[in-house]
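Trainee: Before we discuss the annotated sites, could you put the model in front of us?

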Amino acid sequence: MDTIYALSSGGLPAAIAVIRVSGPACRTVLVGLVGGVPVPRRAVLRSLVDGNGRVLDRGLVLWFPGPGSATGEDLAELQVHGGRAVVAAVLRRLGSFDGVRPAVAGEFTRRALIAGRMDLTQVEGLADLLAAETEAQHRQALRQADGDLRRLYESWRAQVIRARALVEAQFDFSDEEDIPGDTAEAAWGIAGALAAAIRRHLDDGRRGERLRSGYQVVLMGPPNVGKSSLLNALARREAAIVTAEPGTTRDPIEVHLDLAGVPVTVIDTAGLRSDGSGPIEAEGMRRARARGAAADLVLWMSAPDVAASEPGDVGTALLWRVDAKTDLGAVVTESGPERYDRRFAVSVRTGAGVDALVTAMAAEAESGAGGGADLGPTRERHRIELAGTAAALDSAALRADLPAELRAEDLRTAADRLGRLTGAIGVDDLLDVIFGEFCIGK
Ligand SMILES: Nc1nc2c(c(=O)[nH]1)N(C=O)[C@@H](CNc1ccc(C(=O)N[C@@H](CCC(=O)O)C(=O)O)cc1)CN2
Ligand SMILES: Nc1nc2c(ncn2[C@@H]2O[C@H](COP(=O)(O)OP(=O)(O)OP(=O)(O)O)[C@@H](O)[C@H]2O)c(=O)[nH]1
Ligand SMILES: [Mg+2]
């Protein structure tokens, strides 16, 4: 096994730079670099020297002997001055030791996974923790990195394995007189209860996935009703061009908001009309509809009704929750959606109604993507493996018409799928995808 090193802190120059070294050559490196191996887990001040004894820097050195380190291997940490030349010299020196090479992206974490210090859901949680931008995302990622999903999924897998053992016991002892009761029946019972628990866990309206990827609100409506003006008001900057001419916006324009800790992406789109001015506007409208169809929430705006009792500035905004079954093309015409969930009177010019609209959007984002009391699945990958697990468990539990050998095979499938979820088995194909999200030094 190679020993790896990398700059684990951010861009240079910086006040302090943290360099990590992990692997079997760590002791040798420390002896050569700082003259010895410090007492474990305590920061000590040392001179770092090159091969000729010339001092490269004086910095803090930490020694974490394996397996009780972040990677599970011997690990050393060098906290040096964050100058470009200092760091370059220390990294060059590290590369001069035998069997020591620069780490690739995510390689420290990969070693933590191989050592069993983390499971795959914790690794994903760690990637999310580094990417988290809002408070609710931060909390969700921290819980996952801390092992909330790991503990749940491993306890489920342990139950499936217990059920398999019960069935095996039945097979092994079926020709003997004295087995206590029908152990296979107990196994099918465990499978049924577990399938129900997994379905409850899955039944979270995809909140965890939405919180991870952001809640999408799409502004739609006829041209010139103030969609881009509202976007700018929400963003508090001139993100989109506003003019008195209908058909101003063509490309969808995104702004990112933090509403009550939930990341919300608001997307302004081209106004919809049947008599548009050519292929550019037509393409804009096509993109508008596509964004609307992929939204969590559509905010449909329409112009002030000059015939109404309060004419002038105040237009209408309709909030409309989009679900998988909604066919946007059929529902949204230039005249607006046939059904909506909430209605607001809004004027961007006077500001009237904008706060109420933002409050409502925040409430929608919170209920559609806020972190719940229990941590749910946070990726499509989790959902697919869990649905497969539940289906296999149901088959084991309910198919009394099948031979016990086939129902036992269903239990094996369930255990394997839970194993893929935590990375306990057969996930080589997944690792490159997951570690592709990491930066070097993590
Ligand atoms: N300077 C520094 N800060 C850091 C990290 C690091 O590697 N270096 N981390 C990098 O991700 C995170 C902390 N992660 C860590 C995880 C486990 C252990 C560790 O040594 N665990 C031992 C002992 C635990 C204890 O003393 O309570 C163990 O679990 O056996 C250290 C850091 C965030 N902050
Ligand atoms: N009176 C009044 N005018 C507004 C209000 N909001 C926007 N406007 C004006 O309405 C015109 C169109 O505004 P935009 O925000 O560009 O409208 P849009 O819906 O994005 O239009 P398209 O991009 O063409 O679809 C501009 O002249 C704005 O200044 C408002 O609340 N009251
Ligand atoms: Mg516009």
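Trainee: Why is Lys-442 called partly exposed?

Mentor: This is a predicted model, and in it Lys-442 has 19 C-beta neighbours inside 10 Å. A residue is buried at 20 or more and exposed at 12 or fewer, so Lys-442 counts as partly exposed. Lys-442 is placed in the segment after helix 15 (428-435), and its contacts beyond four places in sequence are Ser-8, Gly-106, Phe-108, Thr-109 and Leu-130.

Trainee: Why does Glu-77 count as partly exposed?

Mentor: Glu-77, which is part of strand 5 (residues 75-82), has 19 C-beta neighbours inside 10 Å, so it counts as partly exposed. According to the unreviewed UniProt entry, Glu-77 belongs to a "binding site" feature together with Arg-20, Arg-117 and Lys-442, and Arg-20 is one of the residues that Glu-77 touches.

Trainee: What makes Ser-228, by its count of C-beta neighbours, buried or exposed?

Mentor: Ser-228 has 24 C-beta neighbours inside 10 Å, and the cut-off for a buried residue is 20 or more, so Ser-228 counts as buried. Ser-228 is found in helix 9 (residues 227-235).

Trainee: The unreviewed UniProt entry also gives a "binding site" covering Ser-228 and Thr-249; how do you know that they gather at one spot?

Mentor: They span 22 residues in sequence, yet no two of their C-alpha atoms are more than 7.6 Å apart, so they gather at one spot. Ser-228 is also in contact with Thr-249, which lies in the loop between helix 9 and strand 8 (253-259). With 23 C-beta neighbours inside 10 Å, Thr-249 counts as buried.

How values were computed: Residues numbered from 1 in each chain as written. Chains lettered and ligands numbered in written order. Predicted model: local features only at pLDDT ≥ 70, side-chain atom pairs only at ≥ 80, totals over all residues. Helix = DSSP H or I, 4+ residues; strand = E, 2+ residues; numbered from the N terminus. Contact = placed C-beta atoms within 7 Å. UniProt positions renumbered as here; feature names shortened; annotations may be inferred.
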